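Colleague: Could you take a close look at one part of this model for me, the side-chain contacts around the charged and aromatic residues? I'd like one connected walk-through rather than a list.

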Amino acid sequence: MVSIEQIDNEKFIRSLGYLPTHNYFVADKSWRPTLQLRGSGSDTWSLFTRQPHLLIFTKDTLIISKQPVSSEEQAIKIPTDQILNFDVEKLTPYKEFCISFEYKKKYYFYIDSGDSFLDSLFNELSYSQLNFYLLLQNNFNGLIKTGFSN
């Protein structure tokens, strides 16, 4: 079933002139993983330290927009050839992945891995998780230089 969030995100991607082809997902922007250890598991902590963002991976650009998506002017467009140290790390205790990279500053995004007990009961990934895994299989269009290993 397609969610309203997914429909809105795909409309936004089209408004930017791109096709939504499993090249996007929603992840929470936050601090580096070591700082996540403090207060982790607390809804109040998450409310103040994590903000959902839409990440769109095109052939030559990474586009980042706060959720819910609003306007193209608020989107950050980063040429992929200027992204340094792109990495995906599985944070096993938290059942999530950390996507990190550098472009003028260090960025950290987090997405659920789908490995939780509840996920296994429903046996269905969200569209963001599915798109994330498809991008991971493709090394994020070449941004991961060494390949991913968990």
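**Rings and charges**

Modeller: Sure. Going by ring centres, the count comes to 15 aromatic pairs. Keep in mind that this is a predicted model. A good pair to start with is F25 and F132, which sit edge-to-face, 5.5 Å centre to centre with 85° between the planes. That contact links distant parts of the chain: F25 belongs to strand β1 and F132 to helix α5 (residues 127-137), 107 residues apart. F25 is buried, at a relative accessible area of 0%, and F132 is buried too, with a value of 0%. Next comes a second contact for F132: its ring centre is 5.5 Å from that of Y133 and the planes stand at 75°, so this pair is edge-to-face as well. Y133, though, is partly exposed, with a relative accessible area of 24%. Step back a bit and these three rings turn up in one aromatic cluster, made of F25, F57, F86, F97, F101, Y107, F109, F132, Y133 and F140.

Now for the charges. The structure holds 3 salt bridges, and R50 is a handy place to begin. One of its partners is D28, with the side chains meeting at 3.9 Å, N to O. Here too distant parts of the chain are linked, since D28 is in strand β1 (residues 24-29) while R50 is in the loop between α3 (43-49) and β2 (51-57), 22 residues apart. The other partner is E96, and that salt bridge comes in at 2.9 Å, N to O. This one also ties together distant parts: from the loop between α3 and β2, where R50 sits, to strand β6 (residues 96-102), where E96 sits, 46 residues apart.

How buried are these side chains? R50 has 15% relative accessibility, so it falls under the 20% cut-off and counts as buried. E96 is buried along with R50, whereas D28 is partly exposed at 25%.

R50 also brings us back to the rings: it lies over the face of Y110, at 4.5 Å from the ring centre.

That leaves the salt bridge between E102 and K106, at 3.7 Å, N to O. Both ends are partly exposed: E102 has a relative accessible area of 29% and K106 is at 34%. As for how the bridges connect, shared partners join D28, R50 and E96 into one network.

How values were computed. Residues numbered from 1 in each chain as written. Predicted model: local features only at pLDDT ≥ 70, side-chain atom pairs only at ≥ 80, totals over all residues. Heavy atoms only, no water. Salt bridge = Lys/Arg side-chain N within 4 Å of Asp/Glu carboxyl O. Helix = DSSP H or I, 4+ residues; strand = E, 2+ residues; numbered from the N terminus. Buried < 20%, exposed > 50% of the residue type's maximum accessible area, 1.4 Å probe, protein only. Phe/Tyr/Trp six-rings, centres within 6.5 Å; stacked < 30°, edge-to-face > 60°. Lys NZ or Arg CZ within 6 Å of the ring centre and 35° of its normal.
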